[in-house]
Amino acid sequence: MPKIIVESKNNQYGIIYGKIDDYNWYALVQEEKVSYGINPVTLERGWGKVSRLFVYKKTCTKLIPEQFIKSVIADYRHKWNWLENDQKDLIAKLVNYLELRYSLKVLHNKAK
């Protein structure tokens with residue numbers, strides 16, 4: 001099971017960022033499911049809350065330590081621009097986590 005860490009709190013725009021295993025990520029999570037969001041079951045476009053998702057790894061090189069090389073494994077901006085096939089399970093777990101986390105926050109706020 002991947003370890004998911006949220007490094008930011010939801011702000012009024014729904015932007016969240018954090019880490020999953022050795023990867024960094026940021027996502028835009030909508031309050032309601034949208035037609036251009038990631039479907040958490042199929043990972044295809046359609047009826048999900050996550051409308052943007054970028055998952056990458058930062059690594060330093062020994063030759064130029066101040067520069068970072070980014071390895072992108074997922075890039076979704078209303079459609080998939082890039083998705084590594086061997087990382088689909090990791091991405092599915094992150095999308096489902098974000099859907100569930102945001103749903104619980106909405107329920108918590110409505111109960112007040």
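Strand 1 and strand 2 pair in the antiparallel sense over three bridges. One of the bridge partners can be named: I5 is paired with K19 of strand 2. This is a predicted model. The mean pLDDT of the protein is 85, and 79% of its residues reach 70 or more. Confidence varies by element: strand 6 (residues 80-83) has the highest mean pLDDT, 96, and helix 1 (residues 88-111) the lowest, 78.

**Strand 2 and its neighbours**

Strand 2 also pairs with strand 3, again in the antiparallel sense, over six bridges. Here I16 has A27 of strand 3 as its bridge partner.

In a regular strand, side chains alternate between the two faces of the sheet. Strand 2 shows this alternation: the side chains of I16, G18 and I20 point to one face and are buried, whereas those of I15, Y17 and K19 point to the other face and are not buried.

**The loop between strand 1 and strand 2**

E7 sits in the loop that links strand 1 (4-6) to strand 2. Leaving aside residues up to four places away in sequence, E7 touches Y17, G18 and K19. The C-alpha atoms of E7 and Y17 are separated by 5.8 Å, although the two residues are 10 apart along the chain. E7 counts as partly exposed because its relative accessibility is 42%, which lies between the cut-offs of 20% and 50%.

**Positive phi values**

Most residues other than glycine have a negative phi. D21 and L43 are listed below with their positive values.

| Residue | Phi | Loop | Relative accessibility |
|---|---|---|---|
| D21 | near 50 degrees | between strand 2 (15-20) and strand 3 (23-34) | 40%, partly exposed |
| L43 | near 65 degrees | between strand 3 and strand 4 (48-60) | 8%, buried |

D21 belongs to the hairpin of strand 2 and strand 3, which has two residues between the strands. With a relative accessible area of 40%, D21 is partly exposed.

Is L43, in the loop between strand 3 and strand 4, buried or exposed? L43 counts as buried because its relative accessibility is 8%, and the cut-off for buried is under 20%. Its phi is near 65 degrees, a positive value in a residue other than glycine.

Methods:
Residues numbered from 1 in each chain as written. Predicted model: local features only at pLDDT ≥ 70, side-chain atom pairs only at ≥ 80, totals over all residues. Heavy atoms only, no water. pLDDT = per-residue confidence, 0-100. Helix = DSSP H or I, 4+ residues; strand = E, 2+ residues; numbered from the N terminus. Buried < 20%, exposed > 50% of the residue type's maximum accessible area, 1.4 Å probe, protein only. Contact = heavy atoms within 4.5 Å. Pairing = 2+ DSSP bridges.
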